[in-house]
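Here is a short briefing to read alongside the model. It begins with a pair of helices, then turns to the cores and a loop.

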Amino acid sequence: MNFIIFASFPIICLLFSYALHNAKRKEQDIDQKFWDREQQANFTRKKPLDNLNFITIPEELLTMQPDITNEELRSCIQDLNDLSSLQIVNLTGYTNTDLKLEYGTANITILSEYDFHYTNLVTLLQKLAELLHDSLEDELAVKVLEFAVSTGTDVSKSYYLLAELYQQMGTPEKIEHLIMQAQNIHSLMKDTIVENLKAACQ
């Protein structure tokens with residue numbers, strides 16, 4: 001028995017060494033591909049931004065007048081109006097390398113600004129929806145959240161609160177459409193959001 005164990009040990013060591021070498025080689029290949037793409041991206045010429053999906057905030061959200069309001073709610077609506085004058089694009093899930101390859105290195109700063117405005121937008125929309133919900137303005141909250149979802153937000157709370165409001169307002173069938181929208185999210189959050197929404201339907 002001891003002989004078998006002793007004889008097997010070198011084989012196990014060889015197999016482990018081979019697996020470790022294989023893993024390191026794959027890791028090196030991944031690193032090399034990354035740096036090759038990055039080098040290519042850094043030499044990509046500036047391209048037009050005409051095909052970007054610029055987001056326009058609906059007028060009905062900018063001019064909303066809740067029956068019950070407070071300073072925080074008014075501030076959110078004002079912040080939304082301020083954002084409406086800026087260029088907003090959802091670039092969630094795209095790396096700087098992806099963007100440089102697609103639009104050129106010279107555009108990376110302005111693209112980062114567009115995406116920063118988008119992050120501010122979806123964060124603000126979630127806060128606004130929660131404040132409206134707390135003020136019993138659920139119809140307005142639904143409109144805010146439906147707009148947020150239509151932009152491809154990956155803020156999970158927006159989907160969950162909207163699903164909750166659909167159920168409370170007697171329209172749970174709308175959650176199916178919400179799931180379809182969540183399946184198009186360009187984010188690592190997609191699977192988690194979809195699974196939780198499906199669970200809410202059961």
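Helix 3 passes helix 5 in a left-handed crossing, meaning that the near helix is turned anticlockwise from the far one by less than a right angle. Helices here are DSSP runs (H or I, at least four residues) numbered from the N terminus. This is a predicted model, in which local features need pLDDT of at least 70 and side-chain atom pairs count only at pLDDT 80 or more, while totals for chains, interfaces and linings use all residues. Residues are numbered from 1 along each chain as its sequence is written, and side-chain values use heavy atoms, with hydrogens and water left out.

**The helix pair**
- The axes of helix 3 and helix 5, lines fitted to C-alpha atoms over the stretch in contact, lie 10 Å apart at an angle of about 150°.
- Helix 3 and helix 5 are therefore roughly antiparallel (an angle over 145 degrees).
- Among the residues that meet (heavy atoms within 4.5 Å) are Leu80 and Leu83 in helix 3 and Leu121 and Leu128 in helix 5.

**The cores**
- The largest nonpolar core (buried Ala, Val, Leu, Ile, Met, Phe, Trp, Tyr and Cys joined through side-chain atoms within 4.5 Å; buried is under 20% relative accessible area, with a 1.4 Å probe and protein chains only) has 42 residues.
- Helix 5 gives the most to this core, with nine residues.
- Ile57, beyond its neighbours within four places in sequence, is in contact with residues including Leu80, Leu121 and Phe147.

**The loop**
- Leu136 sits between helix 5 (108–134) and helix 6 (138–150), with a positive phi near 65°.
- Leu136 is exposed (over 50%), at 69% relative accessibility.

Notes
Helix = DSSP H or I, 4+ residues; strand = E, 2+ residues; numbered from the N terminus. Axes fitted to C-alpha atoms, helices over the stretch in contact; angles between N-to-C directions. Parallel < 35°, antiparallel > 145°, perpendicular 65-115°, else oblique.
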